[in-house]
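Please read this briefing alongside the sequence and the structure shown below. It is arranged by topic for use at the bench.

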Amino acid sequence: MNILIIAPSWVGDMMMSHSLYQALKTQYPDCQIDVLAPNWSKPLLERMPEVRKSLTMPIGHGAFNLRERYRIGKSLRNQYDMAIVLPNSLKSAFIPFFAKIAVRRGWKGESRYFFLNDLRANKNDYPMMVQRYVVLAYEKGAIPAADKLPIPTPYLTVQQSAVEKTKEKFSAQFELAENRPAIGFCPGAEFGPAKRWPHYHYAKLAEMLIEKGYSIRLFGSAKDTDAGEQIRSSLPETLRRYCINLAGQTQLNEAVDLISDCTAMVTNDSGLMHISAAVNRPLVAVYGPTSPQYTPPLSDKAVIIRLIEGSLIKIRKGSDSAEGYHQSLIDITPAMVMEKLETLLAKE
């Protein structure tokens, strides 16, 4: 059986989709899985052994472009027995329909009845996103209840030779930091500072860790460079050499390698949090208004810190501070994170 996956558009969701691919290999042992996904995701999909190949989705997130979707669908005809559509939008169901794939499976949403013919409708029975993905591996009538649903842990393969090659690229910075064991920070997050632990808390934690003999690696995209510099500039000048701002300097593949090389990670609720979990690093994940019940890091080495109750908290217009940080994240102190981090490190 050949299966086409219409993949999500965000790093964290892409990582959680790996649980589905593993479940599909259990349900259909001889299946071949191809994933239609944004080009940026190739470095992740290439590290998932269950995926035969990744196909580049040329249409940007949010774009409708019906003509191009028809062209892509037509080009995929007579190649697949099943399609699984992970996004909930109507437009995401067009390509499998135009490809005339016999079984088109996904969750009910946005009037997709005509385009998908194997629908799941009981979302409330599966409160976690990863559960909703894994359910799509099962035939109707054979889906386990949420408390009995096996959830394969997402993982990314890492080759030590590739890690060493990536480290060599940044060797000058690492040597300046005396090649100390590294703790990685992921201080960025989508949609502004309301999901971010304050930079001054990261800086204080960095200072505490540097004094214990660690170096700090700051990870993120180019738009996180300034957040990283805020952290570095908040450190005493004599300690800044031990805090390396890699945000915007690494390709995604390189970030995976360097995260896997860290002793532990401290992250906001972000895509890099899920990557940190997938390379099996001890991880402290700091949550504010977003919900750890819906999209937690999927790792037994992850600890979540969140001080407020309930699921998603609506973020008010304006901010709780001049920098835009949410009060629930301001209230999480560096000492709290250090305590959890030291407990995790003691188990290694």
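The points below treat the overall fold, the aromatic rings, one helix and its surroundings, and two loop residues.

The structure is a predicted model. Its chain comprises 13 helices and 12 strands. The radius of gyration is 21 Å, close to the 20 Å that the globule rule gives for 348 residues, so the chain is as compact as a globular protein of that length.

**Overall fold**

- The C-alpha trace spans about 65 × 45 × 40 Å along its principal axes.
- Of the 348 residues in the chain, 55% are buried.
- When contacts between residues at least 6 apart in sequence are considered, 60% join residues at least 24 apart.
- The chain exposes about 15500 Å², and carbon and sulfur atoms supply 51% of that area.

**Aromatic pairs and cluster**

- The whole structure contains 13 aromatic pairs.
- One of these is formed by Phe-170 and Phe-174, whose ring centres are 6.4 Å apart with planes at 40°; the pair therefore counts as tilted, since an angle under 30 degrees would make it stacked and one over 60 edge-to-face.
- Phe-170 is buried at a relative accessible area of 3%, and Phe-174 is likewise buried at 6%.
- Phe-185 and Tyr-202 form a further tilted pair, with 5.2 Å from centre to centre and 45° between the planes.
- Because Phe-185 belongs to strand E7 (residues 182-186) and Tyr-202 to helix H8 (residues 199-211), this pair ties together parts that are 17 residues apart in sequence.
- Both members of that pair, Phe-185 and Tyr-202, are buried.
- One aromatic cluster is made up of Phe-64, Tyr-70, Phe-94, Phe-97, Phe-98, Phe-114 and Phe-115.

**Charges over rings**

- Phe-174 also takes part in an arrangement with Arg-217, whose charged end sits over the Phe-174 ring, 4.3 Å from its centre.
- In a second arrangement, the charged end of Arg-180 sits over the ring of Tyr-242 at 3.9 Å from the ring centre.

**Helix H8 and its surroundings**

- Helix H8 has 13 residues and reaches 18 Å from its first C-alpha to its last, close to the 18 Å expected at 1.5 Å a residue.
- Tyr-202, the ring partner of Phe-185, is one of the buried residues of H8; the others are His-199, His-201, Ala-203, Leu-205, Ala-206, Glu-207, Leu-209 and Ile-210.
- The cover over these buried residues includes strands E7, E8 (215-218) and E10 (264-268), together with helices H9 (225-233), H12 (327-330) and H13 (334-347).
- Gly-213 follows H8 and has a positive phi, near 100°.

**Loop residues with positive phi**

- Most residues other than glycine have a negative phi.
- Glu-178 has a positive phi, near 65°, although this residue is not glycine.
- Glu-178 is placed in the loop between helix H7 (171-176) and strand E7, and its relative accessible area of 43% makes it partly exposed.
- Asn-280, which is also a residue other than glycine, has a positive phi near 65°.
- The loop that holds Asn-280 runs between helix H11 (271-278) and strand E11 (283-286), and at 37% relative accessibility Asn-280 counts as partly exposed.

How values were computed. Residues numbered from 1 in each chain as written. Predicted model: local features only at pLDDT ≥ 70, side-chain atom pairs only at ≥ 80, totals over all residues. Heavy atoms only, no water. Phe/Tyr/Trp six-rings, centres within 6.5 Å; stacked < 30°, edge-to-face > 60°. Buried < 20%, exposed > 50% of the residue type's maximum accessible area, 1.4 Å probe, protein only. Helix = DSSP H or I, 4+ residues; strand = E, 2+ residues; numbered from the N terminus. Lys NZ or Arg CZ within 6 Å of the ring centre and 35° of its normal. Rg over C-alpha atoms; globule rule 2.2 N^0.38 Å. Contact = heavy atoms within 4.5 Å. Areas by Shrake-Rupley, 256 points an atom, 1.4 Å probe, with all protein chains shown as cover. Expected span 1.5 Å × (residues − 1).
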